[in-house]
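Here is a quick walk through one protein model, written for someone who would rather be at the bench. Have a look at the sequence and the fold, then read on.

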Amino acid sequence: MGPNGSGKTTLFRLIAGEERPDRGEILIRRGVQIGYLSQEPMPARGESLLAEVQSGMKGLLILEDKMRLLAEEISEEKEQQALEALAKAYGQLEERYARQGGYALEAQAKAILLGLGFREADVNRSTEELSGGWLMRLALAKILLATPDLLLLDEPTNHLDLESLIWLENFLSEYMGAIVVVSHDRDFLNRVVTKILAIEEKKINSYPGNYDFYMQAREKKKALLIAALDNQRKKIKQTEKFIERFRYKATKARQVQSRMKMMEKLDRVQMADSPKTIRFNFPQPARSGKVIVELRSVHKAYGPVQVYSGVDLTLLREDKVALVGPNGAGKSTLLKLLAGILKPDGGRIGWGHKVTSAYFAQHQLELLDPAKTVWEEIFFLARDESLSFLRGLLGAFLFSGDEVEKKVSVLSGGEKSRLVLAKMLMRPANFLLLDEPSNHLDIAARDVLERALRNFQGALCFITHDRHLINAVANKVIEVKAGCLSVYPGNYDDYLYKKKMETENAKPSADDNSEFKEHSSRRTREHKRLEAEARNLFYRETLELRQKIQGVEQNLDQATEEMEKVAIRLSDLEIYRQGENIPGLLKAHAEAKKRVDTLTTEWETLAQQLEKLEQPRLSFLDAVER
């Protein structure tokens, strides 16, 4: 923990060996592997995503090369004794390869890529096709697959959506190694960490527990420090009074001298300076009409990819809406449609009376001119604002003194975010659209942003993976999924509760209307009949497919068993003494492995087909239940 600029990234670079300390030493146990995720995206090398992620497993890749070379030597060797030695070495390598998970490497790499939001169809794409945010996800996947002894993760959540973030939390919670993470996401810290290292006054102070425990401990520490400072001030005041009263009395000279020396040696209690933080409120805009915007039968596609097909949505003046949903579902597309950045392919978007909008997106950080200074970025937007207003605005965002002359090119991610937010304040609007506004902001800055959004008197629609921000600000959550919009009143916790009720088919809360209560509390005979018909129809339509899957599973079990049997024989020295056909065994092992891979791919394809067929049935049953 620590505010922007306190040295968190520098500490990581020191541990990772990318920088050297000016004094002192860093001791790392021999053989320890360190995985470091920096905030800078990895360069694209033109490899496929799958190959790039697996390239971090250097040990396994070296074993694979050695096994391949040994297999070639064994196939060409004629002398029995040399053959036995080669085969024994191959068996040992194969055992190590299997023990280290070599045969499961590709499946694990795919699972991590999917968990971080990539699609199955993405794994063979070239890394050169990825944007900076997706390159960061790829770098994270590569480090997680390598399972180093120590993970150093610098803001790993910045480029994740909520679903990927929750997957990462679960992954790290079960990780069998040490993790040091820099993050300004309080919910993430509460779920993952067991200790806080706080950089305070250029020192590192350790606090046991998660973020909430750290905040409690820090408040207690501050209260104790204030009490100690108050007591010391009282004692100093009493001592100074004694010295002043008896300074010129000969009978008290020794006591006065004693107290004066004591004052000189006194270790004075010091209160740490409070860190600077941004302080602002969005200007209260001109009042708009009750309806902010209406979407009617809106269609939007990118080429052959249909994102929305006939969606309807109405946002009102008092709405503070958080958009949630899986990666690629269309959250940013919806925000851009609402902001007017994108035009719909069909349908209508109608704006309310006197609605003005302001749009903040992560790509706007890249639209800042690297050659300009902070002052120039603000000054060129000015119309009739005074210089004192412009300087006050920048000062509110921690750009004061010489800092206003800093070039955009040298600003950190947090400083760029603050500058873009400051530019938004130049033009007050009554409808704010924000795409990940809290990225790169430290917790103190997020608190100020949270208060400003909560106090804002206009409408708000935003995307964020910061659950704390959603809970604090949103009064409505819209789930974007498969081209559909589902509206849930309340904040993120309310949304999760209602989703859980839907999943468990539980009774709705007392706030829901009586008709909904009646339908969810009991099923009618008609409901049961329709459900039975749907199940029977699904069973008949998928019978052949399920039989194919069952057959592939049986063949896969047999092929796996055959591969393991050959591997065991290859690791047994006795078979070489008996003069068995070693090249033949190696060939049998390779063929069995190839068959396992082929059957695994076939099973995955069939399983996906069955899942696609099942979705309409589940949607039908859900509609029947409602």
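How many disulfides does the count come to? The count is 0, taking a disulfide as a pair of cysteine sulfur atoms within 2.5 Å. As for two of the cysteines, C461 is buried, with a relative accessible area of 1%, whereas C484 is partly exposed at 46%. Here buried means under 20% relative accessible area, exposed over 50%, and partly exposed in between (1.4 Å probe, protein chains only).

A word on the ground rules. This is a predicted model, so local features need pLDDT of at least 70 and side-chain atom pairs count only at pLDDT 80 or more, while totals for chains, interfaces and linings use all residues. Residues are numbered from 1 along each chain as its sequence is written, and side-chain values use heavy atoms, with hydrogens and water left out.

**The whole chain**

The chain has 22 helices and 14 strands; these are DSSP runs numbered from the N terminus, helices being H or I with at least four residues and strands E with at least two. Of its 626 residues, 42% count as buried. Among contacts in the chain with a separation of 6 or more, 68% are between residues 24 or more positions apart, contact meaning heavy atoms within 4.5 Å.

**A sheet and its helix**

Now to an open sheet of 3 strands, in the order 7-6-9 with antiparallel pairing. Its edge strands, 7 and 9, each pair on one side only, and the twist averages 15° from one strand to the next. Two strands pair if DSSP finds at least two bridges between them; strand 6 and strand 7 are joined by 9. One bridge links E294 to T314 in strand 7.

| Strand | Residues |
|---|---|
| Strand 6 | 291–302 |
| Strand 7 | 305–316 |
| Strand 9 | 346–351 |

Helix 11 (residues 331–339) lies across strand 6, strand 7 and strand 9, at about 125° to strand 6. Axes are lines fitted to C-alpha atoms, for helices over the stretch in contact, and angles run from 0 to 180 degrees between N-to-C directions.

**Helix 6**

Helix 6 covers residues 132–146 and reaches 21 Å from its first C-alpha to its last, close to the expected 21 Å. The expected span is 1.5 Å times one less than the number of residues. Its buried residues include L135, R137 and L145, and the buried residues pack against strand 1, helix 2, helix 5, strand 2 and helix 7. After helix 6 comes T147, with a positive phi near 40°.
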